[in-house]
Amino acid sequence: MYSFKEIFLTLQGEGGQAGRVNVFARFAGCNLWSGREQDRAMAACTFCDTDFVGIDGENGGKFPKPVDVVAALDAVWGMADPSQKAVVFTGGEPLLQLDPALIEAVKAAGYFIAVETNGTIKAPEGIDWICVSPKADNRLHQTFGQELKLVWPQAEVDPAEFLAFDFERYYLQPMDSDRQAANTQAVIDYCLQHPQWRMSVQTHKLVGLK
Ligand SMILES: C[S@@+](CC[C@H](N)C(=O)[O-])C[C@H]1O[C@@H](n2cnc3c(N)ncnc32)[C@H](O)[C@@H]1O
Ligand SMILES: Nc1nc2[nH]cc(C(=O)O)c2c(=O)[nH]1
Ligand code: SF4
Ligand SMILES: [Mg+2]
């Protein structure tokens, strides 16, 4: 059984695949925060910008089998060129639920498969694009992938500590908060001084996409 908060079509807003049309499949639930505001300050991840609680969003629900998830993805992808099918599994934390059976079924249906993960759970085989976004002092168990995308500034987090891991690209993404402008300037300044890092702007928020 797979629980999704919402499943919708949009353009990837962040990181190295920004601009690409994808089905976004947002799993319900996370291992670093309950999703309840009253728990936020005490959570292992305190700055989340996402509602991942429950199954009440667009096309949300419980899907018993991989084939049911594929049907939902295909319905959202619609009639556009099937050779371009792409999905981003996000959440919440997708690796709590994304298992080899689901990856196999989604791959067989022709999708390029990306995940957005906090990196605390090792990813199964078969994912085409792994984006790890580390959270404070939570230990990384997924230490390789296509991109590491650090939301920054985060208290007590030095970006340099992640360069020892095995990612193809390294991004700093300004933390969306009431200090957004200062956070963006801090990322700009850091990237100017540390050329291994690129800035990831949350472009969907700038243009009114979900
Ligand atoms: C909502 S998370 C879901 C996937 C996974 N749990 C994770 O944390 O990577 C999706 C992406 O949004 C980023 N994100 C969450 N809150 C943010 C914020 N306030 N500002 C900027 N990026 C944020 C996360 O770091 C992650 O890269
Ligand atoms: N357009 C768009 N791009 C995104 N990239 C990562 C997102 C996420 O919440 O995982 C996200 C999202 O929520 N919307
Ligand atoms: S780990 Fe991801 S989904 Fe979970 S609270 Fe943090 S940003 Fe949100
Ligand atoms: Mg988002």
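# Notebook: a walk through a predicted model

**Entry 1: an exposed residue.** I began with Glu156, which is exposed, as just 7 other C-beta atoms lie within 10 Å. The cut-off I used calls a residue exposed at 12 or fewer such neighbours. I noted that this is a predicted model. Glu156 sits in the loop between β7 and β8. I then looked up its backbone: phi is near 70 degrees, a positive value in a residue other than glycine. That caught my eye because most residues other than glycine have a negative phi.

**Entry 2: another positive phi.** I found a similar case in Asn59, which is not a glycine and yet has a positive phi of about 60 degrees. Asn59 belongs to the loop between β2 and β3. Is Asn59 exposed, partly exposed or buried? I counted 18 C-beta neighbours inside 10 Å, so Asn59 is partly exposed.

**Entry 3: cis peptide bonds.** Next I checked the peptide bonds. Most peptide bonds are trans. Here, the bond from Gly91 to Gly92 is cis, and its omega is near 15 degrees. I placed Gly92 in the loop between β4 and α2. Trp152 and Pro153 are also joined by a cis peptide bond, with omega about -5 degrees. Pro153 is in the loop between β7 and β8, where I had already found Glu156.

**Entry 4: helix α1.** I turned to a helix. α1 covers residues 66–77, which makes twelve residues. From first C-alpha to last it reaches 16 Å, close to the 16 Å expected at 1.5 Å a residue. Which residues of α1 are buried? I listed Val69, Val70, Leu73 and Trp77. Looking down the axis of α1, I saw that these buried residues fall within an arc of 100 degrees, so they line one face of the helix. A rule worth remembering: an α-helix has 3.6 residues a turn, so residues three or four places apart point the same way. The buried residues of α1 pack against the strands β1, β2, β3 and β4, and also against α2. After α1 comes Gly78, with a positive phi near 75 degrees.

**Entry 5: three cysteines.** I looked at the UniProt record, an unreviewed entry. It gives "domain: Radical SAM core" for residues 17–210. Over that stretch I read 21% helix and 24% strand, and the end C-alpha atoms are 16 Å apart. The record also puts a "binding site" feature at Cys30, Cys45 and Cys48. They are spread over 19 residues of sequence but cluster in space, the largest C-alpha distance being 10.6 Å.

I compared two of them. Cys45 is in the loop between β2 and β3, and so is Cys48. With 20 C-beta neighbours inside 10 Å, Cys45 counts as buried. Cys48 has 19 such neighbours inside 10 Å and therefore counts as partly exposed. The line between the two classes is drawn at 20. Leaving out residues up to four places away in sequence, Cys45 touches Leu32, Trp33, Asn118 and Lys135.

**Entry 6: ligand 3.** What surrounds ligand 3? I found Cys30, Cys45 and Cys48 among the residues there, along with others including Leu32, Trp33, Asn118 and Lys135. By class, this shell has six nonpolar, four polar and two charged residues.

**Entry 7: Gly29.** I stayed in the loop between β2 and β3 for Gly29. Its 19 C-beta neighbours inside 10 Å make Gly29 partly exposed. Gly29 and Val53 are 24 residues apart along the chain, but their C-alpha atoms are separated by 5.9 Å. Among the contacts of Gly29, not counting residues up to four places away in sequence, are Ser3, Phe52 and Leu96. Gly91 and Gly92 are also on that list, and they are the pair with the cis bond.

**Entry 8: Thr50 and the other ligands.** I finished with Thr50, where UniProt (unreviewed entry) places a "binding site" feature. Thr50 is in the loop between β2 and β3 and counts as partly exposed, with 14 C-beta neighbours inside 10 Å. Thr50 is one of the residues around ligand 3, and one of those around ligand 2. The shell of ligand 2 divides into three nonpolar, six polar and three charged residues.

How many residues surround ligand 1? I counted 19, and the closest are Asp49, Thr50, Asn118, Ser133 and Asp176. β5 and β7 each supply at least two residues of this shell. Sorted by class, the shell around ligand 1 holds five nonpolar, nine polar and five charged residues.

Technical notes. Residues are numbered from 1 along each chain as its sequence is written. Chains are lettered from A and ligands numbered from 1 in the order in which they are written. This is a predicted model: local features need pLDDT of at least 70, side-chain atom pairs count only at pLDDT 80 or more; totals for chains, interfaces and linings use all residues. A residue is near a molecule or strand if its C-beta atom, placed from the backbone, lies within 6 Å of it. Ala, Val, Leu, Ile, Met, Phe, Trp, Tyr, Cys and Pro count as nonpolar, Asp, Glu, Lys and Arg as charged, and the others, Gly among them, as polar. Helices (H or I, at least four residues) and strands (E, at least two) are DSSP runs, numbered from the N terminus. The expected span of a helix is 1.5 Å times one less than its number of residues. The arc is that of the directions from the helix axis to the C-beta atoms. Two residues are in contact if their C-beta atoms, placed from the backbone, lie within 7 Å. UniProt positions are given in the numbering used here, feature names are shortened, and annotations may be inferred rather than shown by experiment.
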